[in-house]
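Biologist: Hey, I'm new to this one. Can you pull it up and walk me through it?

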Amino acid sequence: MASGSSREMLPPALDSSSKPPAIFDGTPKLYISYSCPYAQRTWIARNCKGLQEEIKLVPIDLKNRPDWYKEKVYPANKVPSLEHNNEVKGESMDLIRYIDSNFEGPSLFPDDPSKREFAEELFSYFDSFYKAVISSLKEDKINDASKF
Ligand SMILES: N[C@@H](CCC(=O)N[C@@H](CS)C(=O)NCC(=O)O)C(=O)O
């Protein structure tokens, strides 16, 4: 497990001119975009568990996405996605749970069943809250644009 104290060198984002990494070579990879909050939360989960060396970070430039990402990695063409054990999974909340259960490192959820239940409740509440905030921001943008 990584010490967690050393500063990770962040790789440059891959774009349409970049070659794909070695896909399904056995190295777990977390495909993210640096600016995507959904990807950021999976990235945080990976780092909280000290998995900087076990799970390779593969940043994607979403504005100039490489074709191979959709074709060979994740047909949904969104970030985050996680390549592990010859499979690629998506959906940030599922990935946080997956990373927590399938990799070493401190548990992200409490062991005590009642605390865990509360943590699960907070976890799903946060997701609904976050989605509501994002969609209201998008609606504001649409409303603002319609004024012109
Ligand atoms: N529900 C997904 C949302 C992921 C998502 O929408 N990611 C955005 C970037 S923040 C994306 O990849 N957008 C690209 C697209 O929709 O084409 C999750 O929680 O992982």
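Biologist: Which residues surround the ligand?
Modeller: This is a predicted model, and in it the ligand is surrounded by Ser33, Cys36, Tyr38, Leu62, Asn77, Lys78, Val79, Pro80, Gly90, Glu91 and Ser92.

Biologist: And how does that shell around the ligand split by class?
Modeller: The shell has 5 nonpolar, 4 polar and 2 charged residues. Lys78 and Glu91 count as charged.

Biologist: OK, switching to the sheet. What's the strand order?
Modeller: The order is β2-β1-β3-β4, in an open sheet of 4 strands with mixed pairing.

Biologist: Which ones are the edge strands?
Modeller: Those are β2, residues 56-59, and β4, residues 87-90; each of them pairs on one side only. From one strand to the next, the twist averages 20°.

Biologist: How do β1 and β3 pair, parallel or antiparallel?
Modeller: Antiparallel, over 3 bridges, with β1 covering residues 29-32 and β3 covering residues 81-84.

Biologist: Which residue in β3 is the bridge partner of Lys29?
Modeller: That would be Glu83.

Biologist: Which strands does helix α1 touch?
Modeller: Helix α1, residues 37-48, packs on the sheet and touches β1 and β2. The direction of α1 makes about 150° with that of β1.

Biologist: Zooming out, what does the domain assignment give for the protein chain?
Modeller: It gives domain 1 as 1-108 and domain 2 as 110-148.

Biologist: How many Å separate the centres of domain 1 and domain 2?
Modeller: Taken over C-alpha atoms, the two centres are separated by 22 Å.

Conventions. Residues are numbered from 1 along each chain as its sequence is written. This is a predicted model: local features need pLDDT of at least 70, side-chain atom pairs count only at pLDDT 80 or more; totals for chains, interfaces and linings use all residues. Two strands pair if DSSP finds at least two bridges between them. Helices (H or I, at least four residues) and strands (E, at least two) are DSSP runs, numbered from the N terminus. Axes are lines fitted to C-alpha atoms, for helices over the stretch in contact, and angles run from 0 to 180 degrees between N-to-C directions. Two residues are in contact if their C-beta atoms, placed from the backbone, lie within 7 Å. Domain bounds come from an automatic or database domain assignment. A residue is near a molecule or strand if its C-beta atom, placed from the backbone, lies within 6 Å of it.
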